[in-house]
Amino acid sequence: MVSSKSYSSSREPNKVEKKIAIIGAGISGLLACKHTMEKGFNPVVFEARNGIGGVWSSTIDSTKLQTPKDHFQFSDFPWPKSVSQTFPDHNQVMEYVTSYALRFDIFSRIKFNSKVIGLDYIYSSSDDDDNMCSNWDMWGGNGEAFSSNGKWNVVVQNVLQPMEAPKVYQVDFVTLCIGKFSDLPNIPDFPISKGANKFNGEIIHSMDYAAMDKIQAAKFIKNKRVSVVGFQKSALDIAAEIAKNNGVTNPCTLVFRRVQWSGSENLVRFTFTNLNRFSELMVHKPGEGLFLWFLAVLLSPLVIALPLKHIYLIALDILQMRRIVPQMDLSVEKYEMVPQHSFLKQICSCMFMVLPQQFYDRVKEGSLVLQKSRVLGFYENGLILDNVVAAHLETDIVILATGYKSDAKIANIFTSIDFKKCILGSSAPFYRECIHPRIPQLAIMGYSESPATLFTFELRSKWIAHFLAGKFRLPPIREMEENVEKWEKNARRYSRENYKRACVGVMLQIHCNDQLCKDMGCNPRRKKWLFLSFILLITLQTMQIYETFLHNPHVLAKI
Ligand SMILES: Cc1cc2nc3c(=O)[nH]c(=O)nc-3n(C[C@H](O)[C@H](O)[C@H](O)COP(=O)(O)OP(=O)(O)OC[C@H]3O[C@@H](n4cnc5c(N)ncnc54)[C@H](O)[C@@H]3O)c2cc1C
């Protein structure tokens with residue numbers, strides 16, 4: 001197994017001299033900044049908007065965390081006692097994130113209204129070879145964060161003065177934290193004869209709806225027939241919110257191609273408590289040895305049971321029975337909302353969603369209509385479903401909750417065609433989910449999804465800060481690429497056709513974080529414990545225990 005630790009660093013960099021740019025002041029940018037500062041550097045953060053928080057600063061009114069807050073918590077800054085909910089709303093998340101930025105004096109590092117419009121890598125060498133980068137065996141030539149020959153030119157536009165010439169800042173390292181759920185919407189292709197231009201109503205993307213405040217949004221949909229296209233979290237939230245506001249007089253229609261697994265907050269809580277080292281033994285791991293392979297084969301029947309839809313339904317119903325005795329809610333079956341694919345495939349592709357509260361109540365009362373359609377087109381008064389002319393859905397507004405082009409967003413920021421290709425061309429691009437083996441002196445945060453992104457971002461921020469401080473070197477490029485391919489192959493094994501790159505599979509959270517800890521020279525298994533308690537610990541160590549352990553200041557901060 002590749003471990004960055006085995007490549008010990010040659011020297012500690014001069015932290016005062018080295019210039020580090022962090023792009024974006026969402027949660028990942030704030031974490032990157034805090035941990036880089038903690039290691040003695042003086043980073044500068046460029047943020048396109050006039051505030052911090054990224055997606056949480058501009059979202060629909062009903063958005064809540066769908067991760068239990070204990071798993072969405074800064075290690076050194078717990079949620080305030082006043083937040084008693086397990087799933088706080090977006091205002092509470094914003095307050096929490098803002099307090100964190102204040103507490104660690106991150107605001108003073110941020111240049112607001114500063115949009116990075118280009119990243120240009122400059123390599124000066126006595127060697128005439130233009131293809132120097134592509135010939136490297138080691139990342140950046142030496143496997144280290146910094147190189148005496150390489151710099152990034154960060155081209156920054158003041159968004160308040162768009163006519164002003166952009167400024168160029170030269171830095172030694174860039175941490176890119178521009179997020180993947182904003183800015184560049186994914187608009188589906190419609191047949192030319194049934195394109196958006198045929199429609200007399202209004203079409204917007206979910207990000208434009210999310211950008212409206214509560215009053216604007218309510219005014220926009222008032223007395224209108226609205227159709228929401230998609231079945232991701234934002235589609236469900238928006239449809240439920242509109243159904244609540246417009247009621248049965250103007251029902252909202254949710255139009256989707258494929259049903260995805262979604263469940264109650266209780267189910268999410270239940271799933272988190274079952275993410276532990278024991279459940280990780282049931283699945284194969286990239287580059288596993290014979291012992292782990294054998295264990296995974298032995299225990300795989302337990303995982304094979306997961307795909308059985310009814311296990312999930314029974315679990316859901318049991319949970320609901322516990323709350324609303326003796327009523328059982330079998331709406332998922334009643335409205336034919338049981339997905340064709342397995343629950344396991346879905347969670348392994350980071351696509352599980354929490355259903356908005358009273359979702360099926362709204363379907364029952366008729367304020368929300370569920371409409372499956374594989375193909376969509378427009379006509380003057382609405383949507384044509386499944387390409388059948390007869391199946392017309394009259395509507396005034398269409399909201400496309402069809403996601404974002406996150407790869408293109410990252411690729412667009414590079415001026416080099418080669419770096420653009422690195423992002424768009426490779427299938428599973430990032431080593432340790434944050435380093436592209438062929439893009440030197442740069443880390444990418446916030447790209448990789450997981451059920452608890454804050455924890456994932458925080459650990460990666462610590463890892464990047466350790467790397468910057470010269471605590472370890474990266475392995476040769478070829479080894480990193482092989483490692484990345486192994487992770488991809490393993491992810492495909494479980495998510496199959498649902499495979500989504502840049503998803504830290506839910507079943508391998510702890511294993512993945514173990515790799516980062518090992519690189520940093522930290523053993524999250526606490527070997528010093530007595531043998532028995534050690535065995536108990538490694539089998540029953542849940543995400544919660546794992547996080548609590550790593551949050552202990554004596555563990556990572558000491559390295
Ligand atoms: C509605 C919603 C709900 C979610 N709920 C959860 C949840 O419950 N649990 C969970 O774990 N995750 C959740 N997520 C995932 C979410 O993406 C993360 O929680 C996290 O907030 C992402 O932070 P980020 O900093 O990576 O990206 P963002 O929040 O997108 O921040 C990126 C920042 O970069 C800035 N930026 C972008 N481009 C540039 C540029 N060129 N120059 C300068 N600045 C730039 C943006 O303005 C923005 O401020 C949710 C996401 C959404 C959209």
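Author: Two strands pair if DSSP finds at least two bridges between them. Keep that in mind for this predicted model.

Reader: How many residues lie between S14 and S15 in their hairpin?

Author: Strand S14 covers residues 376–379, and strand S15 covers residues 382–385. They pair in the antiparallel sense over four bridges. One bridge joins phenylalanine 378 to leucine 383 in S15. The hairpin they form leaves between them two residues.

Reader: Which strands are the edges of the open sheet of five strands?

Author: The order is S3-S2-S1-S7-S18, with parallel pairing. An edge strand pairs on one side only. That holds for S3 (110–111) and S18 (442–444).

Reader: What is the bridge partner of alanine 21 in S2?

Author: Strand S1 spans residues 20–23, and strand S2 spans residues 44–46. The two run parallel, joined by three bridges. In S2, alanine 21 has as its partner valine 44.

Reader: What angle does the direction of H1 make with that of S1?

Author: Helix H1 packs on the sheet. It touches S1, S2 and strand S7 (173–176). Its direction and that of S1 make an angle of about 160 degrees.

Reader: Which element gives the largest share of the shell around the ligand?

Author: Helix H1 (27–38), strand S4 (114–123) and helix H6 (233–246) each supply at least two residues. The largest share is three residues, and it comes from H1.

Reader: Which residues come nearest to the ligand?

Author: The ligand has 34 residues around it. By class, 15 are nonpolar, 14 polar and five charged. Those that come nearest are Gly24, Gly26, Gly54, Gly179 and Gly446.

Note on methods
Residues are numbered from 1 along each chain as its sequence is written. This is a predicted model: local features need pLDDT of at least 70, side-chain atom pairs count only at pLDDT 80 or more; totals for chains, interfaces and linings use all residues. A residue is near a molecule or strand if its C-beta atom, placed from the backbone, lies within 6 Å of it. Ala, Val, Leu, Ile, Met, Phe, Trp, Tyr, Cys and Pro count as nonpolar, Asp, Glu, Lys and Arg as charged, and the others, Gly among them, as polar. Two residues are in contact if their C-beta atoms, placed from the backbone, lie within 7 Å. Axes are lines fitted to C-alpha atoms, for helices over the stretch in contact, and angles run from 0 to 180 degrees between N-to-C directions.
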